[in-house]
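Biologist: Before I plan my reading of this structure, could you take me through the model chain by chain and say how each term is defined?

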Amino acid sequence: MTDLNIQDLQVNINTGQETYYVLRGVTFKVPAGAKLGLVGESGCGKSMTAASIMRLLPKNATIVKGQILLDQLNLINLSEKEMRQIRGKRITLIFQDAASALNPLCSAVQHVADVYARHISLSRKESLHHAYELLAKTGIPKHLAHNYPHELSGGMSQRVMIAMALGCSPEILIADEPTTGLDVTIQTQVVELIERTVEEIGSSLIFISHDIGLVSEICDRIVVMYAGKIVEAGNREQIISGPGHPYTTALLHSFRAQPGKRMPFIPGRVPDLRIRQEGCSFAPRCSLADNQCWHSEPKLSEISPGHEVACFHMDK
Amino acid sequence: MTVWKWAKFLAKRMAQLFVVLIGISITIFIVTHAIGNPVYLIVGQSATSEVIQERIHKFGLDRPLWEQYIAYIQNLLKGNWGVSRYTYNPVLVDIQNRLPATLELSLFALLLSLLWSIPIGVIAAFKKGSLLDSLIQFLARLANSVPGFWLGLVLIFAFFAKFHLLPAPLGRIDSNIAMPPKITGLITIDSLLAKNIPALSSSIRHLILPAVTLAITVSPSILLLTRNTMERVLESNFIRAARAFGLSSLTVIRYSLKNILGPVLTMIAMTLGYLIGGSVLIEVVFAWPGIGFYAVDAMNHSDYEPIVAVVLLCALVYNLAYLISDVIAAMVDPRARL
Amino acid sequence: MKTITVSTEIYRSRNKGWFRQLCFLNGTWNVVSTWIVLGVFIALALAADILPLQNPLAVNASEILQPPSSNHWFGTDPWGMDVFSRTIFAIRVDFLLAVSSVILGIVAGVLLGAVAGFFGGFLDDLLTRFAEVIQGFPQMLFGMAVLALLGNNAINLIFICAFYNVPVYARLVRSVVSPLREADFVQAARVSGNTSLMIVFRHLIPNTLVPVFSQFPLSCAWAIQIVAGLSFIGLGIRVPTPEWGSMINLGANYIVFGKWWPSVFPGLAIVISVWVLNNLGNQLKSVFFTGI
């Protein structure tokens, strides 16, 4: 069982003309066997965090500072060759748009077999045999196993990816918005499948989503991100019943639309990541913002065991 | 894919090919009849009116157009593609004699261009954004702007006139060397098979310049296609996913090559189809006795049946190449089998 | 408030002028050099009459095949004519032929493509087959056959080049119009009483102008090559009219004797023209297809 420990991760993206400060000091822990949910709006840096852990950042991105500790191993310092031993074997990433993450020229079973054969050296024939089993476990029967990605629905493609992840038996499974774009009924099935898979392998889970409601159903620990920083981290009960950060509160409100009443929303826009402004990044959209918030940046501090908030006005 | 699916796919493509062939024959028929009476194709401009009338009747040119068209198609199918007033041979026989020369030139040009275009294209894609990549793209675009016939002349000037490295552009082999026995019709291959080294050396030396010229004119398309397809594949989500699942870089390279195979093979088939007819100007510059040179030579002697026949043949070959490239694409990429 | 003003500034700079956008997408050196060279060519073509050039049609038996000198910058050709002035005057001939044939092809192609794309079904299939037939012909050989059979003159040359452009633009326009068939604004136009033809002309064809415009230089580049190639064989433009292909032909027989200048210079002019036009087309495509 492995711990994942991310400390003060800072990542920049350089487009040649401008610099985007996508991650501005991300710190959180994923204890062994935990199910952690990473929540936030689009553009807050959740996928970047996942990409950083896997060291699959785009070419123009640089890790400026920080550590990603897999037990005692710092992933930032590893070479590409060493990273390849980690990817798939110890940490696996499930993509958002599963259909585009599959090779259009390979059938479902070929995908699973290739990944299985890579991590558990077997002959082609034997890996195929295991591949059929893995696909069956995720709900893809044998007669569909030979389908190509364009012949599979979004939900089925996601099952293929989960089968590939199953085959790896990783210590940590990162699911990057695995249900976005799928029908609600399929969403539930996929989420259940992920839960089952994680329990069967015995791995930790990082579930990335913008849907805090969905995350609260699966994960026992929730981390909230905004503008490249962690603004709140805590257990499910702590976050859901007693959120400390105004952003978390607003998020929870948005997902609890009351019948008959106007749908709540958070006013304002996601901040421009090219600017490093003074003070709290959420201040322009925060109803509690005061002079202190505009000029100094709140740090993550523990307000109760296991519950950290980065705000000067917590639990108001 | 099941046999039944393939049969349906092929039947559909064949039907399309058939329609296009009809269209080609109609177009050629219209062009040859557009000036009124194509009798001049057969008798030349300066025949007496009696001969003209006699020929008109003999060749059925006084019958209604659609009847003439039917007769024309029947003639084509029977193998009667006209007679050359210049060589006194049936045009098909002339074409048969000269086709191997064009094939030899086209095949070698294609092979040469593949030899450098595909590896360089792949390298450029892997090194995307680097100075090497920009240089490669610049050279490819420059080569695209160069007219083939002019390039041939420049190369002749450089390698023959100035530096005397290669022989004069006067045909496929030195006139004082005996030709090897004809097996394939390609002199270089035949010399190799007959272990005739002087003939082999001479024929290669004559083949280099026209083949290189032709290769340079077709390379840019292949190179840029390889590079752009490879670039798209390397940036695609599934290559990223393959890396995310820890597949070795060898596997990733294998995946990406597999994914560019379809478009590249298609391009190769189309290029070969194009080269058969597209080499005409190079053949003229190098006096290479292929079907293109034959058509132009005949035309310069006011003999028009050959050029019409060669146009028809090249159109047929091109469309056949198009069909084959579709089949290749379907074999490689399951999405193209619709 | 601080953040909002900073945001507006960035927003404003994102809306660069079209020239800056061009440079950003294609490289400043690329854009500037293309436009300057094109400008020079057009200026030379327009001003050729008033520039101090030698007479491009003056045959001079005593000065044949002179190498480049201060008198004749590009030397003289086998007829004694000055290669430099002929190269300049030929800009007019080649560009005019290319542009006129492409425009003719565009007009026909856009009409066919719009009709086929809008009505779909049988017309659409017919257009595809028609395009396949035309594009299946060996361009040089068929052009030669047509000119030989129908008459060796400039009009036929323009027609055959236009003919080859028709399927290109028909396909381009069809690919733009076809998906718009069920678009909302088309439905709206139909509901407000427009006839199909009016819809095609007033609403759909304007949408095709941008792709057509960015394809235009590429077709001109291609047309120059075809015109030069056909003239090289002796079809199309004939001596003494200055045209790069026929100039190359004139000098071709003498290149084996080391007299390179009558053929090399016109060829260089072709290379530069085609290069510049191709670049222009690619630049336009890069801008129009990402949106300004």
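Biologist: In what order do the elements of chain C run from the N terminus on?

Modeller: A caution comes beforehand: this is a predicted model, in which local features need pLDDT of at least 70 and side-chain atom pairs count only at pLDDT 80 or more, while totals for chains, interfaces and linings use all residues. Residues are numbered from 1 along each chain as its sequence is written, and chains are lettered from A and ligands numbered from 1 in the order in which they are written. Helices (H or I, at least four residues) and strands (E, at least two) are DSSP runs, numbered from the N terminus. Chain C has eleven helices and zero strands, and its elements run α-α-α-α-α-α-α-α-α-α-α.

Biologist: What percentage of the residues in chain C is buried?

Modeller: A residue is buried if 20 or more other C-beta atoms, placed from the backbone, lie within 10 Å of its own, exposed if 12 or fewer, and partly exposed in between. The C-alpha atoms of chain C fill a box of roughly 75 × 60 × 30 Å along the principal axes. Of the 292 residues in chain C, the buried share is 45%.

Biologist: Which helix gives the largest share of the largest nonpolar core?

Modeller: A nonpolar core is a set of buried Ala, Val, Leu, Ile, Met, Phe, Trp, Tyr and Cys residues joined through C-beta atoms within 7 Å. The largest one has 249 residues, and those with the most contacts inside it include V112(A), I307(B) and L141(C). Its largest share, 16 residues, comes from helix α4 (residues 83-119) of chain C.

Biologist: Which element gives the largest share of the side of chain C that touches chain B?

Modeller: Counting two residues as in contact if their C-beta atoms, placed from the backbone, lie within 7 Å, the contact takes 36 residues from chain C and 43 residues from chain B. On the side of chain C, the elements that give two or more residues are α5 (121-135), α6 (139-150), α9 (196-233), α10 (244-252) and α11 (261-288) of chain C. The largest share, nine residues, comes from α6(C).

Biologist: How are helix α5 and helix α6 of chain A oriented, roughly parallel or roughly antiparallel?

Modeller: Axes are lines fitted to C-alpha atoms, for helices over the stretch in contact, and angles run from 0 to 180 degrees between N-to-C directions; angles under 35 degrees count as roughly parallel, over 145 as roughly antiparallel, 65 to 115 as roughly perpendicular and the rest as oblique. Helix α5 (residues 154-168) and helix α6 (residues 184-201) of chain A pack at about 5°, with their axes 11 Å apart. Among the residues making this contact are I162(A) and L166(A) of α5(A) and V190(A) and L193(A) of α6(A). The angle therefore makes α5(A), relative to α6(A), roughly parallel.

Biologist: Which are the edge strands of the open sheet in chain A?

Modeller: Two strands pair if DSSP finds at least two bridges between them. Eight strands of chain A form the open sheet, in the order β6-β7-β8-β3-β9-β10-β12-β11 and with mixed pairing. Each edge strand pairs on one side only, and the two are β6 (91-94) and β11 (301-304) of chain A.

Biologist: Which residue stands opposite R221(A)?

Modeller: Strand β9 (residues 221-226) and strand β10 (residues 229-235) of chain A run antiparallel and are joined by six bridges. Helix α9 (residues 246-254) of chain A lies across β3, β9 and β10, running at about 105° to β9(A). Opposite R221(A), in β10(A), stands N235(A).
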